[in-house]
2 protein chains.
Amino acid sequence: MRCEPVAEGGFDLFADDRLILAHRPETPSFFLGRGEERMEMYRGNFDIEDYVTARLPLAHAELSREGDDWHIALSARPGDPTLLALKLTQESGRSILSVEARDPSFNRFWLRLVAEEGEHLFGGGEQMSYLDLAGRRFPMWTSEPGVGRDKTSPLTFEADRTGRAGGDYYNTNYPQPTFLSSRGVAVHLETTAYSILDFRHAGFHELEVWAMPERIEVFAKGSIGDLVTAMADRFGRQPPLPDWAMEGAIIGLKHGAGSFETLETYLAAGVEVSALWCEDWSGVRETSFGTRLFWDWVASDKRYPQLKSRIDELRARGIRFLGYVNPYLCNDGTLFSEAEAKGLLATDDTGNTYLVDFGEFDCGVVDFTIDEAAQWFEDRVIGENMLDLGLSGWMADFGEYLPIDVQLKDGADPKLMHNAWPVLWGAVNARAVAKKGRSGDVVYFMRAGFSGIQAECPLLWAGDQSVDFSRHDGLVTVIVGALSSGLLGNAYHHSDIGGYTSLFGNVRSAELIMRWSEMAAFTPVMRSHEGNRPKMNLQIHHDDEVLAHFARMTQIHKALLPYLSTLRDEAADRGWPLQRPLFFHHEDDALCYGVFDAYLLGRDLLVAPVWQAGETGRTTYLPAGEKWVHLWTGETFDGGEDASVEAPIGTPPVFFRQGSSFEALFAGLAALSAPSPS
Amino acid sequence: MRCEPVAEGGFDLFADDRLILAHRPETPSFFLGRGEERMEMYRGNFDIEDYVTARLPLAHAELSREGDDWHIALSARPGDPTLLALKLTQESGRSILSVEARDPSFNRFWLRLVAEEGEHLFGGGEQMSYLDLAGRRFPMWTSEPGVGRDKTSPLTFEADRTGRAGGDYYNTNYPQPTFLSSRGVAVHLETTAYSILDFRHAGFHELEVWAMPERIEVFAKGSIGDLVTAMADRFGRQPPLPDWAMEGAIIGLKHGAGSFETLETYLAAGVEVSALWCEDWSGVRETSFGTRLFWDWVASDKRYPQLKSRIDELRARGIRFLGYVNPYLCNDGTLFSEAEAKGLLATDDTGNTYLVDFGEFDCGVVDFTIDEAAQWFEDRVIGENMLDLGLSGWMADFGEYLPIDVQLKDGADPKLMHNAWPVLWGAVNARAVAKKGRSGDVVYFMRAGFSGIQAECPLLWAGDQSVDFSRHDGLVTVIVGALSSGLLGNAYHHSDIGGYTSLFGNVRSAELIMRWSEMAAFTPVMRSHEGNRPKMNLQIHHDDEVLAHFARMTQIHKALLPYLSTLRDEAADRGWPLQRPLFFHHEDDALCYGVFDAYLLGRDLLVAPVWQAGETGRTTYLPAGEKWVHLWTGETFDGGEDASVEAPIGTPPVFFRQGSSFEALFAGLAALSAPSPS
């Protein structure tokens, strides 16, 4: 970034030729202040409000140069003491603006960056509602994403009214204060504090941090692809996804040993199965809310007799076995006592073990701020109890719930550790797997994240959608989640086929499961989930038509492996996600930027899932400069305009790029999966 | 108020011996800033948000004395330029802190006053949800009060979802940035700008103004009664309510000439009738929302043939006739053209007449910022069309809707005039009546208000409750509205018996009408209303039991006239409201301050309406130091504790003070209105 002093007390910052920041005394770019936040957590949902008692525009800047670096001293007025000292340094591929407040009483920081009219903005972690962030405000705080996520929906109203759990468009398990701009620039705020990306203003973007950020990092590149590579270089890359995880579907069942029998139904129907996933491997408990998992991460002999040998038998048939874990330990389990005795659990302000109420059971929080606790979880829990048992992966659930009034062993402020927790949690999983030499073979999947989760999690999962087609909590949000997180260097993404959350009478339809399966076939990983209320909801194996449709989709997915493995190579080489927004390969096509509900799977496949109920066709924009072949009919469409295709169930709207080196494979999919006559 | 400089840059302000303000450099009491508000109006409901770009604590104060006055110069730091200049002067009965910002770029002002633990706070205009304002934040902006006014209620959700009309606890037609404290102090912010009374903080109250206030006025008195008198002296008093308005009920009917016939049903049932009130006197129009009034304030010959002579006939029987008016003129009416031709209507920014959409019809805004417009409305509309016709009063509706993007003829900022508009509208009505020498005889009633409405409106009405028993939009809110507005010097209050707003299937029950009638009998004025959807809702005259019950209540009300007229004298002498919170006469009884759902009607009657559905009795606190006699049974209760009484329909929980000079009258009420055997 180039610094150019201008006039009295002002300066400009350029990244290449792009003006990033324009500070003038009359329109300052920096503000310091003081705030008194109110934060209340209700089972992972937060009610947060700030009371800003001071906000000082830092109008005056004094600049000095030291080699390639610049020092910028900001004050309220010429002659006033310096309140904020910035240092601008250059590293390979990025510019760094280090931040130091001279007065420790300031705990709020605002920065304004230049905004251009028509600019598109992406990222913000895994955003579920909006791919383009322009025009909206996004708080960065890991939490439950909400049920309904739309204040005009009755489902959201009920969830809010009964549990403050309705959420809103910006709530996400995985926020990250990093964004990419269509100007070819990315900006990252290095902080774990609560922060806000505010893209509502004409002329400027305002970044707000409830602490002093360590630094602001600016990346400028010649293309979106290079920016994404820079993100992956900065935040880390996933190990390559193993073949096994792409060669069929992971079947989620959780009715104890009977799950093995049910799996045979899938196999008999022709389902390509990569793994059986039993969340309930460690047992269950009954509560008034229904059956819950038993959060003591030891195989349950009662629920799964001879589990190890059954896992081995499955494995001999080429099918893996997956489990479940989260960073809590229920206080009626064996691991809780062990961890408590070793002093590995976080405490409350009286020094007692902090207990989190999860609804008729309480849990301790393993305190990952100390190495002993992390190592214990890695070796004792994941290593011995899970990997040695033969697990090839698991849902690494939660990460968003660090209470903000907990006492951590390293003395850290829980409000600063809250956002950091998902990455600590991911790292525990990553190290546990690495210690057994299983990185790149074991696949665990996480919903929670923050800056740096890229290096710690091999596979994101899109969290708990409602079992519906709704705009802000249904099928389509999975696309938005995959694309937004992918642009920040998360190459692999997938979701619960059919959604998860069934509340207030909202239940799965066969149509929903089938539409979701059709989309999942064209993502890195297919995985089913019985949902939070299995017995009240349709399951794939309950309905022959749904099961047959699902089988076909797993066959298509498996057939894509040669293509997906080239994308895996791109992920390793360049940090590119498998699912990409249309503009990723078509930056000059302005019409691509508005598309949030279709995506490229690699450069050569364009997937436009049917995400609304009752539809039998879809219209989608196709990028200009290419010809696109409809997968099922072979009809060729010119890019640069909308295409409309029939899309009855079984033939999801997918196009391949004419001239792709995988044309033969793609063309073969139609034959492979011609809908059976009905 | 006494000013005492303390230490370096600090000072205290005392009202008598009460510390009102304690400014210290480390805990400043004054802040200046800049904000960019977003305000959007949807048919009288506002969506308002502020973006504060600067908030400067004014840490340093320099004081100088000039006779009895003090000058206080505030700056950010010692030696910095003065940003805010205050002048403290004493007038009879109040202290005035005049405010002058030296830098015109500031448009936000915050002031912190000392708060005491356990302090109770009252006022804020006509508040509908909370009598004691402690612990909450109250924006001051006249608007629709909302439908449901409770974000957890399905009714509010539907109103929000379909029309952004659900409202919240603080929305009111009549805000006023004035509050009384249980410390014996009242504070008034003299400004018409958007402001906020924030009583959520420990140690201080924060007042916020979106402009520089003209001044802060502080009143300190020895008793609540004296404080209320000070409010009435400051803001004005109502003309005495005429006997006729208290001698029976005003019957609201709006089905054209047939209303006269329906009135006979009331009379035949023994209802004491003071007036017939026909909102539809100027005609109606049909819209997809139902029948609406025709907003052209001329008697409709079609709907009311020979209206003048019918009014005269009624009058000869001792019954008045009331109408309806609001400050808008529909653009398909005769008055619109006349006003537009005279240049009396506000314009938009292109100079065309500003039209407000009221739902399938548009209206012009009579521009009361110029005398010609006000006079035209007073003389031509109210004088000729209404008073000369024989009207003895009317609902003077609206006042809250001044659009914030209108161009006013005197060049005033509509955002500063918005809150002023109800008072301008009240003054037009007051002058029109005064010009005809009818003050104190004509009774018009308003829901909208702001500081000063006290002098311009003879009778408040509580606005549009929902037709239910809900906590935030039902019967009980009328009590809160009467008590909060009464403490600011509005002596006379009443409401729509049975409520008004029937939406989303919410309709009136017989129980609701009867409970509401029972309460209204013990208020200054009884008035019925058919509601917004007369045909879908029960009317008093539809049900013999309801009608008989209503008749009894009108008899009770009429019988109270001798007592009410002594209260009218108190209103004239001391500015005291007829309905008073329990603590009004029992300041030392701490338990009185928590009571919002019972009131004193004068010193001698305690009224505790049944405001919840299905109740057959009520428990209420009775002030200490008195004995209280249950009106219906004669049972005597000691004050200082809760009393529980049976309260079947027909016997509202009312007590009189033993020793009252009206004991005989009160005791006679039971005989007068013993429930008829059923």
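**Helix packing and symmetry in a predicted model**

Helices α3(B) and α4(B) run roughly parallel to each other. They belong to a predicted model, so let's check how such labels are earned.

Me: Why are α3(B) and α4(B) called roughly parallel?
Reply: Look at the angle. Helix α3 (residues 258–268) of chain B packs on helix α4 (residues 307–316) of chain B at about 15°. Angles under 35 degrees count as roughly parallel, and therefore this pair gets the label. The two axes lie 12 Å apart, and α3(B) passes α4(B) in a left-handed crossing.

Me: Which residues make the contact?
Reply: From α3(B) you get Phe260(B), Glu261(B) and Leu263(B), and from α4(B) come Leu307(B), Arg310(B) and Leu314(B).

Me: What makes the residues of this contact nonpolar, polar or charged?
Reply: Phe and Leu count as nonpolar, while Glu and Arg count as charged. That gives 4 nonpolar, no polar and 2 charged residues.

Me: How do you know what kind of axis relates chain B to chain A?
Reply: Chain B lands on chain A after a rotation of 180° with 0.0 Å of shift along the axis, at an RMSD of 0.1 Å. That is the relation of a two-fold axis. In chain B, the C-alpha nearest the axis belongs to Arg55(B), at 2.3 Å. Both copies use the same surface, since 100% of the contact residues of chain B recur in chain A.

Me: How confident is the predictor about chain A?
Reply: On a scale from 0 to 100, the mean pLDDT of chain A is 96, and 99% of its residues reach 70 or more. Over residues 674–678 of chain A, though, pLDDT stays under 50.

Conventions. Residues are numbered from 1 along each chain as its sequence is written. Chains are lettered from A and ligands numbered from 1 in the order in which they are written. This is a predicted model: local features need pLDDT of at least 70, side-chain atom pairs count only at pLDDT 80 or more; totals for chains, interfaces and linings use all residues. Side-chain values use heavy atoms; hydrogens and water are left out. Contact means heavy atoms within 4.5 Å. Copies are superposed by least squares on the C-alpha atoms of residues with pLDDT of at least 70 in both. Axes are lines fitted to C-alpha atoms, for helices over the stretch in contact, and angles run from 0 to 180 degrees between N-to-C directions. Helices (H or I, at least four residues) and strands (E, at least two) are DSSP runs, numbered from the N terminus. Angles under 35 degrees count as roughly parallel, over 145 as roughly antiparallel, 65 to 115 as roughly perpendicular and the rest as oblique. A crossing is left-handed if the near helix is turned anticlockwise from the far one by less than a right angle, and right-handed if clockwise.
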